[in-house]
Amino acid sequence: TAPVMAKAQEDTVFYRDYRLISLNEVGGDPQRFSVPRTTFHQVNKVRQENWPHAMLATSTHDSKRSEDVRARINVLSEIPTLWKKRVRRWQRLNRRHTRQVSGATAPSRNDEYLLYQTLVGTFPIPGLATEQELGRYQERMAAYMLKAVREAKVHTSWLNPEPCYETAVASFVESLLRPGSANRFLADFTCFSQSISRLGLLNSLSQLLLKLTSPGVPDIYQGNELWNFSLVDPDNRRPVDFSRPRKMLAEQLGEEAQSGPALASMLENLEDGRAKLLVTSQTLRFRRRHPALFAEGAYEEVPIVGNNERHLCVIVRSWGGERLVAIAPRFFAALLAGQDWHLSAPETVWGATRICLPASGDESRSYRNIFSGELHTASRQDNQDVLMVSSLLRSFPVALLHSPAQS
């Protein structure tokens with residue numbers, strides 16, 4: 001039954017199995033690390049045939065972690081060796097902050113590992129948090145860890161709390177996040193967080209575009225219009241200040257598509273959230289203008305050719321002769337190999353990687369990028385329309401291409 005499932009798995013197992021906590025989500029399975037790209041497309045085709053109007057949600061009031069938290073934690077799956085070394089280093093640095101409770105170390109190694117992953121997923125974006133916000137962050141982490149260890153029901157619980165263990169965990173969190181030059185862990189962790197933070201944001205943009213273009217009706221949970229690094233309730237139910245996204249949206253809606261300099265600014269300042277708001281607003285506006293394409297249009301999987309084809313997920317929707325192509329990169333850590341997206345030449349990143357689309361008509365089709373307004377004309381090869389990825393992703397990390405019905 002639903003209540004048994006919720007309490008046994010979501011509110012117990014999910015707080016004990018910490019191999020990769022981005023997997024521990026409502027409706028998810030910690031044992032299932034991923035699915036092949038072909039399976040993703042197959043599932044979407046089934047959804048289109050049977051549940052084209054079902055909700056698509058990546059963050060809700062009941063999420064264990066927000067969509068952006070999970071996207072950042074997912075970066076760890078690409079760097080397991082580096083992550084293992086860092087965790088071992090942090091365990092050595094922080095051993096002096098642990099306590100002995102009932103003959104055992106508190107927090108336990110498992111709970112300590114949960115904290116490190118949680119910090120990876122939620123640590124404030126470098127340079128954006130004030131000293132006051134960092135203080136609140138420390139309080140949020142302490143409150144989250146108290147809830148987590150009680151839900152796990154191993155060392156303490158809601159019904160039978162163990163004050164000594166809970167105090168030890170709270171003290172551990174406070175010690176790890178205490179500002180000051182003497183805190184070697186915090187300095188080392190901040191450096192590590194900076195190295196993967198942007199990779200997580202790029203992950204989020206790809207995840208968002210796939211959600212907005214897959215079969216179904218996308219839902220945007222309050223506060224996720226911009227980057228949001230919330231944890232389980234009550235953390236994800238804090239009041240949302242909508243004045244900032246409203247101001248950003250008003251600036252973006254002045255143009256149908258953003259200019260090259262505007263996109264470059266968004267990419268260089270990816271941390272401010274304008275890029276996420278752009279993908280959300282422009283894609284939803286397009287959906288509103290083309291309802292039949294999403295409600296009744298066909299869903300296609302197309303070939304991707306080239307050395308970096310594994311780094312792309314491409315969704316194609318078509319209806320009445322018009323075609324929409326959503327292009328979302330993935331595995332950014334390996335793709336960029338330490339470089340930053342806005343500093344990398346597209347040709348260096350993508351080489352000759354190309355997308356092959358079914359040809360229609362005697363001439364190659366032209367596609368307009370919804371985000372940049374750029375026009376891309378496919379080349380004809382072996383009776384296919386071919387688009388070079390380096391050209392499509394020259395100005396922005398994701399692309400949404402539209403080709404109207406040919407007359």
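Where does Tyr221 lie? The legends below start there and then move on through this predicted model.

**Figure 1. Tyr221 lies in the loop between β4 (217-219) and α9.** With a relative accessibility of 13%, Tyr221 counts as buried, because the cut-off for that class is under 20%. Leaving aside residues up to four places away in sequence, Tyr221 touches Ser59, Thr60 and His61, and also Asn236 and Arg237. Look for Ser66 as well: Tyr221 and Ser66 are 155 residues apart in sequence, yet their C-alpha atoms are 9.3 Å apart in space.

**Figure 2. Val69 has its place in helix α3.** Is Val69 buried or exposed? At 1% relative accessibility, Val69 counts as buried. Not counting residues up to four places away in sequence, its contacts are Gly121, Thr122, Asn228, Phe229 and Ser230. From C-alpha to C-alpha, Val69 and Gln117 are 9.9 Å apart, with their positions 48 residues apart in sequence.

**Figure 3. Helix α5 (residues 109-122) is mostly covered.** Of the 14 residues of α5, 12 are buried. Among them are Asp111, Glu112, Tyr113 and Gln117, together with Gly121 and Thr122. Those last two residues return from the previous view, where Val69 touches both Gly121 and Thr122. Which helices do the buried residues of α5 pack against? They pack against α3, α4 (80-94), α6, α7 (163-176) and α8. The length of the helix can be checked too: at 1.5 Å a residue, α5 should span 20 Å, and its end C-alpha atoms are 20 Å apart, which agrees.

**Figure 4. The largest pocket has a volume of about 1,900 Å³.** Of the 41 residues that line this pocket, the closest to its centre are Ser34, Val35, Phe40, Asn74 and Gln207. Two or more lining residues come from each of α2 (37-50), β1 (55-57), α3 (67-73), α8 (184-213) and β8 (322-329). Which element gives the most to the lining of the largest pocket? That is α2, with 6 residues. By class, the lining of the largest pocket divides into 16 nonpolar, 15 polar and 10 charged residues.

**Figure 5. The second largest pocket has a volume of about 1,100 Å³.** Its lining is made up of 37 residues, and the closest to the centre are Glu133, Trp227, Asn228, Phe229 and Arg238. Asn228 and Phe229 may look familiar, as Val69 touches both. At least two lining residues come from each of α6 (131-152) and α9 (243-252). Here α6 gives the most, with 4 residues. The lining of the second largest pocket has 13 nonpolar, 12 polar and 12 charged residues.

**Figure 6. The cysteines of the model form 0 disulfides.** A disulfide is a covalent bond between the sulfur atoms of two cysteines. How far from Cys313 is the nearest cysteine sulfur? That sulfur belongs to Cys356 and is 16 Å away, and Cys313 is in no disulfide. Since a pair of sulfur atoms must lie within 2.5 Å to count, the 16 Å between Cys313 and Cys356 rules this pair out. Cys313 is buried, with a relative accessible area of 8%. Cys191, by contrast, is partly exposed, with a relative accessible area of 43%.

Note on methods:
Residues numbered from 1 in each chain as written. Predicted model: local features only at pLDDT ≥ 70, side-chain atom pairs only at ≥ 80, totals over all residues. Heavy atoms only, no water. 1 Å grid on protein atoms, 1.4 Å probe; cavity = no way out; pocket = protein on both sides within 12 Å on 5 of 7 lines; lining within 4 Å. Points joined across faces, edges and corners; volume = space filled by probe spheres on them. Nonpolar A, V, L, I, M, F, W, Y, C, P; charged D, E, K, R; others polar. Buried < 20%, exposed > 50% of the residue type's maximum accessible area, 1.4 Å probe, protein only. Expected span 1.5 Å × (residues − 1). Contact = heavy atoms within 4.5 Å.
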